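Me: I am new to this structure and would like to learn how to read it. Could you take me through it feature by feature?

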Amino acid sequence: MDRPKPESAPKTASPPASPACGTRLEEPSPGPDVTGNRGGLIHLLTETASRFIHLPLSEVRSAIETSMAELAHHLDADRVYVFAYDLENRTCSNTFEWCAPGIRACIGELQNVPIDAFPEWWERHFAGQDVYYPDVSALPEGPLKDVIAGQSIKSLVAVPLIGSAGCTGFIGFDSVRSQRTYAVGELQLLHLFARMLVSIQERQRAEEALSDARRQIENFFEVSIDLLCIVDQLGRFVRVSRAWEDLLGHPAEKLAGMEFMRFVHPDDHVPTREEFARVRDGHPTLSFVNRYRMDSGAYRFIEWRAKRIGGMIFASARDITDLKDTELALARALDEERQAAALKSNLVSVASHEFRTPLASIRLAAELLRSRSVPLTTAEADQLLDTVLKTTDHLTEIVGDVLDFNSLQRHLPPGGVIRIDPAEWLEDLASTYRNAHGVRNPLRIHRPKNPLPDLTTNPSLLRRALINLLENAAKYSPADSPVALRVIRSGDRLVFRIEDKGIGIPAESEPYLFDLFYRGPNSKFNRGTGLGLPIVREAVARLGGEVFYQRPTGPGSVFEVHVPLAPGPAHDPP
């Protein structure tokens, strides 16, 4: 049956032949005599077919060469060869060749031969027919006879190689030393050998394509920055990409066979098993997040996509820990910003209320001093001026405390973290206190007999917290009542305990001690801003410590400040 003629294409030669071209088949090693009748040819083809069953890809070419040489001996051919058609470039090239001793090899001359110069040749092949010239000398004069006669060929037969993609080439048998006539049965068996050769070539191409695909997958698993994996339906890794090794710290080869659940955070076990069951039932997952444990013990957030294909689950994942950290940081920043906005609003509201009364006092005193309708004695004028000065001092104190509190809220404490000797530092702290309150309320410092360990902290923040507490103790204590500062070590912390014998703190005031601008009912007769204890709490929190109020057994009050010996993470106060 005639086949359609291949579409025309430019008749230019293709690039130089591949290394597969140009191979001359060697003389086969001596063996049993395979020459003989048609039965011997059938026996040879049967052995050839058996040879190619389960033959490794690396041995295919050698086996083809051996089979061609054996077939040439059986048919008494002088030259056997295989040509491949290149329809894109309209050429054909000699890819295999075996020559009998004394017969010239032509494989090097027959590369990229234009097929359109010999239409009668390739048209028969694409129609599924042989090209058979029992007597080359009888061919009409022309290019075809010139090429064939130029190789001293007296007879030839060329059988097409027809596979699933049509005609891909041909196998030819030349008789150089004498003419050779082929019987119909021999030609039929040559067609059988051609089909066998096509099957081998197609298997070779299929295995090469499969090998290429495997190499591509190997390379993809090796270089992918994503977490690729194949998991069986029992939840065991079958294959993982190299990125898993970088994430978990275990060699990728050792992960094969391990259950992925052994790496999942305990809190994520239930949702992970539920999601895996969904995927196993045929429902793809497009976005699922859980945590995986690294060899260091730390956990990373992993986002998944997975789908079941056949009996396996194919998954792609990525490490989104940095993204999660950024989201959490943004959420914290937004929350802090909202808190700061609310605090600022509250601060302005309360501060304006705190300013109103002192400003009214200043205005009244100023109006009385200015008024000429009401005569004032010198003593009365001095009293009004004293009111203005004291009220101004009070307003200055409020402004200073508000600014201090605001700087702490914005995490901008002055100075930095240094290493200090607590004994020397306490003497400097006591000197500061005594300059302001030492005569009225003497300070007693109590230290353990054994030397205290060095303290690595922000001394400016610690000073601010302790001075505020010491000043409060003095402010709310009667004259000549001493204030005690006890310092002890408790584990990895230093504890500063401030004790006084003053008016104390009512039980109903304890829940509100650290609220902004809160002042207890028994403190109304002492000047204050209501910001001292909130400032203490903020400062201590920035040091990674805590401040506590303890109800004493007798009169007065007790506050404890706990700070770490070494820098700890700063935190927001409760």
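Reply: We can begin with a single strand, keeping in mind that this is a predicted model. Strand β3 (residues 91-99) is mostly covered, as nine of its nine residues are buried.

Me: Which strand is joined to β3 by eight bridges?

Reply: The general idea comes before the case. Strands of a sheet pair through backbone hydrogen bonds, in either a parallel or an antiparallel way. Here the partner is strand β2 (residues 79-86), and β2 and β3 run antiparallel. One point to look up is Y85, whose bridge partner in β3 is C92. The two strands form a hairpin with four residues between them. In that turn, R90 has a positive phi of about 60°.

Me: Which residue in β4 is the bridge partner of C92?

Reply: That residue is V113. Strand β4 (residues 113-114) runs antiparallel to β3 and is joined to it by two bridges.

Me: How should I read the sheet that contains β12, and in what order do its strands stand?

Reply: Read across the sheet, from strand to neighbouring strand. The order is β9-β8-β12-β11-β10, five strands in an open sheet with antiparallel pairing. β9 (237-240) and β10 (285-293) each have a single partner strand, so they stand at the edges and one side of each is left without a neighbour in the sheet. From one strand to the next, the twist averages 30°.

Me: How many bridges pair β11 with β12?

Reply: Eight bridges pair strand β11 (residues 299-309) with strand β12 (residues 312-319), in the antiparallel sense. To find one of them, start at I302, whose bridge partner in β12 is D319.

Me: Which helices pack on this sheet?

Reply: Helix α5 (residues 184-223) packs on the sheet and touches β8 (227-232) and β9. The direction of α5 makes about 120° with that of β8. Helix α8 (residues 269-280) also packs on the sheet, touching β8, β10, β11 and β12. For α8, the angle with the direction of β10 is about 140°.

Me: How do I read a helix such as α2, and what is its length from first C-alpha to last?

Reply: Compare its span with the expected one, then look at its burial. Helix α2 (residues 60-75) has 16 residues and reaches 22 Å from its first C-alpha to its last, close to the 22 Å expected at 1.5 Å a residue. Twelve of those 16 residues are buried, so α2 is largely enclosed by the rest of the structure. Among the buried residues are V60, I64, M68, L71 and L75, and also E65, E70 and H74. Just after the helix, D76 takes a positive phi of about 60°.

Me: How many disulfides does the structure hold?

Reply: A disulfide is a covalent bond between the sulfur atoms of two cysteines. This structure holds zero. Cysteines can still be read for burial. C167 is buried, with a relative accessible area of 7%, and C229 counts as buried at 3%.

Me: What is the arrangement of the rings of W121 and F170, and why?

Reply: Look at the distance between the centres and the angle between the planes. The centres are 5.5 Å apart and the planes stand at 65°; planes over 60 degrees apart count as edge-to-face, so this pair is edge-to-face. W121 is in helix α3 (residues 119-126) and F170 in strand β7 (residues 166-175), 49 residues apart, and the pair links distant parts of the chain. Both W121 and F170 are buried. By contrast, the rings of Y549 and F559 have planes at 55° and centres 5.2 Å apart, so that pair is tilted. Y549 lies in strand β18 (residues 546-550) and F559 in strand β19 (residues 557-564), so the pair ties together parts that are ten residues apart in sequence. Y549 and F559 are buried too.

Me: Which aromatic cluster includes W121?

Reply: W121 belongs to one with Y81, F83, Y85, W122, F126, Y133 and F170.

Me: What about a loop residue such as S481: is it buried or exposed?

Reply: S481 counts as buried, at 10% relative accessibility. S481 lies in the loop between α12 (459-475) and β16 (483-490). Leaving aside neighbours within four places in sequence, S481 is in contact with R440, N441, P442 and K501.

Conventions: Residues are numbered from 1 along each chain as its sequence is written. This is a predicted model: local features need pLDDT of at least 70, side-chain atom pairs count only at pLDDT 80 or more; totals for chains, interfaces and linings use all residues. Side-chain values use heavy atoms; hydrogens and water are left out. Two strands pair if DSSP finds at least two bridges between them. Axes are lines fitted to C-alpha atoms, for helices over the stretch in contact, and angles run from 0 to 180 degrees between N-to-C directions. Contact means heavy atoms within 4.5 Å. Buried means under 20% relative accessible area, exposed over 50%, partly exposed in between (1.4 Å probe, protein chains only). A disulfide is a pair of cysteine sulfur atoms within 2.5 Å. The expected span of a helix is 1.5 Å times one less than its number of residues. Rings of Phe, Tyr and Trp (its six-membered ring) pair if their centres lie within 6.5 Å; planes under 30 degrees apart count as stacked, over 60 as edge-to-face and the rest as tilted.
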